[in-house]
Amino acid sequence: MSTLHVIDHPMIQHKLTIMRKKETGSKDFRELLQEIALLMGYEVTRDLPLMDVEIETPICKTTAKIITGRKLAVVPILRAGLGMVDGIRTLVPVAKVGHIGLYRNEETHQPVVYYCKLPEDVQKRLVIVTDPMLATGGSACDAITMLKERGCHNIRLMCLVGAPEGIERVQKEHPDVDIYLAAVDEKLNENAYIVPGLGDAGDRIFGTK
Ligand code: PRP
Ligand code: URA
């Protein structure tokens with residue numbers, strides 16, 4: 001079974017509360033999402049392996065640590081996942097970025113794929129899938145399946161807010177994928193929106209409603 005990591009650092013919780021408020025505008029919402037993505041990035045990358053290298057400081061020669069092993073790819077689920085990419089890339093500037101375009105059909109709530117462009121060597125990378133909202137889990141599960149079909153076998157899912165239904169679905173369909181969240185909310189409503197949630201993340205990031 002995958003591990004669910006709920007990152008309840010006070011800075012993240014405070015920023016998330018501002019994002020949830022309906023009066024928070026698009027600019028602040030976007031900036032806060034980026035900041036939280038950077039902070040969550042610390043936890044998502046916590047176990048990256050290190051190796052020793054010889055360096056010379058202005059004082060003397062010494063041995064110091066650098067990150068080694070698997071390189072990173074960030075794969076946002078369009079559109080809303082885009083809002084988390086810059087935060088992670090501030091932390092890991094060399095990370096490559098792939099894109100998976102999915103939207104939920106408003107009536108059936110089923111994800112519909114419209115785009116997929118990934119780094120050439122994505123199967124050799126640690127892939128961090130980003131999407132602020134994990135509602136039914138359909139979009140995340142389909143995106144992860146697409147990545148696995150292309151050979152990826154080291155995948156982590158980083159969202160902001162998750163509903164119990166979505167978490168359970170990802171854990172059932174992809175037990176090898178760890179999930180990182182800033183909050184587990186109460187439930188889904190009749191339109192499959194997260195309660196209390198923060199509304200439609202894509203619309204709030206891009207100002208489309
Ligand atoms: C939202 C959200 C997730 C998905 C979550 O995207 O960003 O991708 O819904 O719902 P699920 O867990 O039930 O699949 P949406 O389809 O609204 O597209 P958008 O990001 O383009 O606005
Ligand atoms: N997508 C969103 O943007 N918000 C939700 O609450 C559910 C799906």
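Reader: On the other side of H5, which residues are exposed?
Author: This is a predicted model, so treat every value here as computed. Exposed means over 50% relative accessible area. Two residues on that other side of H5 get the label: Glu168 and Lys172.

Reader: And which residues of helix H5 are buried?
Author: Helix H5 covers residues 164-173. Buried takes under 20% relative accessible area. In H5 that label goes to Gly166, Ile167, Val170 and Gln171.

Reader: What arc do they cover around the axis?
Author: In an α-helix there are 3.6 residues a turn, so residues three or four places apart point the same way. The buried residues here are Gly166, Ile167, Val170 and Gln171. They sit on the same side of H5, because their arc around the axis is only 130 degrees.

Reader: Switching to cysteines, how many disulfides does the count come to?
Author: A pair needs its sulfur atoms within 2.5 Å to count. For Cys116, the nearest cysteine sulfur belongs to Cys152 and is 9.2 Å away, so by that cut-off Cys116 is in no disulfide. The count of disulfides comes to zero.

Reader: Is Cys116 buried, partly exposed or exposed?
Author: Partly exposed is the band between under 20% and over 50%. Cys116 has 28% relative accessibility, so the label is partly exposed.

Reader: How much of the accessible area of ligand 1 does the protein cover?
Author: An oxygen atom of ligand 1 lies 2.4 Å from a polar side-chain atom of Asp131, and an oxygen atom of the ligand is 2.8 Å from a backbone N or O atom of Gly137. On its own, ligand 1 has 500 Å² of accessible area, and the share covered by the protein is 91%.

Notes: Residues numbered from 1 in each chain as written. Chains lettered and ligands numbered in written order. Predicted model: local features only at pLDDT ≥ 70, side-chain atom pairs only at ≥ 80, totals over all residues. Heavy atoms only, no water. Buried < 20%, exposed > 50% of the residue type's maximum accessible area, 1.4 Å probe, protein only. Helix = DSSP H or I, 4+ residues; strand = E, 2+ residues; numbered from the N terminus. Arc of directions from axis to C-beta. Polar contact = N/O pair within 3.5 Å; in protein donor to acceptor, adjacent residues only side chain to side chain. Areas by Shrake-Rupley, 256 points an atom, 1.4 Å probe, with all protein chains shown as cover.
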